[in-house]
Amino acid sequence: MFSVVRDLIRYNIEFTIGVMLVGVIVAFSLLSFFSPVDPTAIYTTIPDMPPSGEYWFGTNSRGQDLFWHLAFAFRNTLFFGLTVAVLSRIISITVGLTAGYLGGWADRTLMFFNDIFVAIPIFPILILFYFVLRSDLTMMKLALIMACFGWPFDARLIRSVALGLKHREFTRHAVFAGMSPARIMYEEHLPYVMPIVFSTAMANMIWSIGLEVTLAVLGFTNINVPTVGTALYWANNHSAMVVGVWWWIVIPVVLIVMTFLGLFLLAVSMNEYIDPRSRLRRMGA
Amino acid sequence: MKDYLTFALKRFLQLLAVVFTGISVAFFVSYLSPISPVETIIGRVSGQSAYSPQAIASLRETLTELFGLNVPLHERYFNFLGRLLVGDLGPSLLAFPTPAMKLVMLALPWTVGLLAVSTILTWLIGNILGGLAGYYQNSRLLKAFGVIAIGIQPIPYYIVAFLMVIIFGFLWPVLPISGGFAMNVRPSWSPEFIVSILRHAILPAASLVIVGLGTWFLGMRALVSNIVTEDYVTYAELAGVERRRIVSSYVIRNAMVPQLTALAMALGGIFSGTIITEQVFAYPGLGTLLVRAVNAGDSAVVLAVSCIAVIAVATAIFLIDLIHPLLDPRIKAQ
């Protein structure tokens, strides 16, 4: 594991940049644990102060110190993305490995549902959920709903790998040694699909955080929980761009773009690492 | 030909399954809604002047029947499916007796137009540039484009649209940033109206194209850079086939097939992006209608938009699947 990371940093500039970008954002969000002010409280400082030595990111029209407010918002957003990624990985690994290894009718049934889920446009469905649940739509519930829709692409990818593994020598040995299908999938096949699981987890986080930001900007989540999306929602609500409080919009947008770019570069470089042809080309062999 | 028909039939059954699942999910989610359309209308009516309790009670009864709420859930579900077949989802609340479906049908052409034009443009430009970048790997210009594509690709739709509004609305106001056509032009087939529609569509379409371009560019570049190492390409080069012909009909054509599959799979996401972009530019399509309906608590319109969205996206995927075997003869056998 360590040597893989070392190789990636040595040969892959994208990976290095990605690690740095995501690292900065994660460190920033972890700072919120040491926040001297309550990041959810409003009117705790002078409103509308531009970035300065005292207020690094300025303050917004609701009297919040943007540095601590955004640190907490990014912590929530990253945690949300991670939750969706973990939950949807569990579904996609289970479906993908089962469909690939068992084959036959199990494969056909699972892929039938898979194709249905791929084709359903999620955004109107999420809005429908907000419409019904209103302020009951907590971050956790939203994460759960999105996890239920975020697995099908990756399940198909994992299945295609599992299909190949099924006919390998070691699988046959495991069968002859009397391993149960469930144990073969989890002990023999799972390690082979882990690189895909990691790289799709990054892509999945981009997807879920992007959707969360979009829903929140429209005001379709619980707007009292600080996230990147709700920060932008309140900025729009106070017409930040028009009244000249530009830092309220520009800073979160720059930070979220850094997050997306970092996650995207990590996903791309891991994908490249998985494909031996492009790995060799990069090493100059 | 017979194989193709079996293939088309199979895909059609799949289309039905997707539509059925999607609208069922939409129906049961909307059933959980605590907002009763009947009470909303009664509140609206009785807020204007005083009515006798009997009048209110009979109004409630009539409205309950009008919205079909006086029967048990399973019956409501079958009623819903039956009425969806004839395109009737009950009256809207936004514009009360107007059927919800009529509002959706008025908004649908705007969304379909914007979505179709921007998706086709994005897909073609992205794939052609990506194909060239994969084949001519030493071109500085295409390399620079690759770096830009990586930078822009992960930015969400909303932020790109928002930046466009700031740039072209406040900093350099040359293009209209809201609406589908100018207020002072009457909708007709006159040249001014068409020009007005086109001018209003530029910014929404441009932001969709900017967001989407990177994905296709990067995907195509990766595919092509693997294809050019294949033996048949080397052979064609050695045999002296013109470079232009190798790129267009040997390399890019082969890489188009997986990209077409990817398009079918990405369509749901692109649709969501279109809805968001419309909302930013106040474009009179499904997205704007949906947000208005949510804010007004109009369950009939929200449900109608969701159903139409599911049907539209599934149909588009079906159509893409149908042209698939024409590009790749191997698929017919499956």
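Residues 197–218 of chain B are 100% helix and 0% strand, with end C-alpha atoms 32 Å apart. The model is predicted. In UniProt, an unreviewed entry lists this stretch as a "transmembrane region", along with 12–32, 110–136, 157–177, 260–281 and 301–323 of chain B. Another entry-listed feature sits in chain A: "domain: ABC transmembrane type-1", also from an unreviewed entry, at residues 74–267. Three of these spans are set out below.

| Span | Helix | Strand | Distance between end C-alpha atoms |
|---|---|---|---|
| Residues 12–32, chain B | 95% | 0% | 31 Å |
| Residues 197–218, chain B | 100% | 0% | 32 Å |
| Residues 74–267, chain A | 84% | 0% | 20 Å |

**Chain A**

Chain A holds 13 helices and zero strands. Its pattern along the sequence is accordingly written α-α-α-α-α-α-α-α-α-α-α-α-α. Along the principal axes, the C-alpha atoms of chain A fill a box of roughly 70 × 50 × 30 Å. The chain has 285 residues, and 47% of them are buried. Consider contacts in chain A with a separation of 6 or more: 69% of them join residues 24 or more positions apart.

**Domains of chain B**

The domain assignment splits chain B into three parts. Domain 1 is made of two segments, 1–34 and 300–334. Domain 2 covers 38–86, and domain 3 covers 102–296. The centres of domain 1 and domain 2 of chain B, taken over C-alpha atoms, are 32 Å apart. Contact between domain 1 and domain 2 of chain B involves four residues from each. On the domain 1 side, helix H1 (residues 2–31) of chain B gives the largest share, three residues. That side is made up of four nonpolar residues, with no polar and no charged ones.

Helix H3 of chain B runs over residues 53–66. From first to last C-alpha, its 14 residues reach 20 Å, close to the 20 Å expected at 1.5 Å a residue. Is H3(B) buried or in the open? The number of buried residues among its 14 is zero, so H3(B) lies largely in the open. Just after H3(B), B:Gly68 takes a positive phi of about 70°.

**Nonpolar cores**

The largest nonpolar core has 150 residues. Those with the most contacts inside this core are A:Leu70, B:Val104, B:Leu290, B:Ala304 and B:Val305. Helix H12 (residues 247–274) of chain A gives the most to this core, with 16 residues. In chain B, domain 1 and domain 3 both give residues to the core, so it lies between them.

B:Val104 offers a local view. Neighbours within four places in sequence aside, B:Val104 is in contact with B:Leu286, B:Leu289, B:Ala304, B:Val305 and B:Ile308. There is also a second, separate core of 14 residues. Among its members are A:Leu97, A:Tyr101, A:Leu110 and A:Ala155.

**Contact between the chains**

How many residues does each chain bring to the contact? Chain A brings 31 and chain B brings 38. On the chain A side, the elements giving two or more residues are H4 (104–119), H5 (122–133), H9 (181–217) and H12 of chain A. H5(A) gives the most to that side, ten residues. By class, the chain A side has 27 nonpolar, two polar and two charged residues. H12(A) thus appears in two roles: it gives residues to this side, and it gives the most to the largest core.

Methods: Residues numbered from 1 in each chain as written. Chains lettered and ligands numbered in written order. Predicted model: local features only at pLDDT ≥ 70, side-chain atom pairs only at ≥ 80, totals over all residues. Domains from an automatic or database assignment. Contact = placed C-beta atoms within 7 Å. Helix = DSSP H or I, 4+ residues; strand = E, 2+ residues; numbered from the N terminus. Nonpolar A, V, L, I, M, F, W, Y, C, P; charged D, E, K, R; others polar. Expected span 1.5 Å × (residues − 1). Buried ≥ 20, exposed ≤ 12 C-beta atoms within 10 Å, placed from the backbone. UniProt positions renumbered as here; feature names shortened; annotations may be inferred. Core = buried A, V, L, I, M, F, W, Y, C linked by C-beta atoms within 7 Å.
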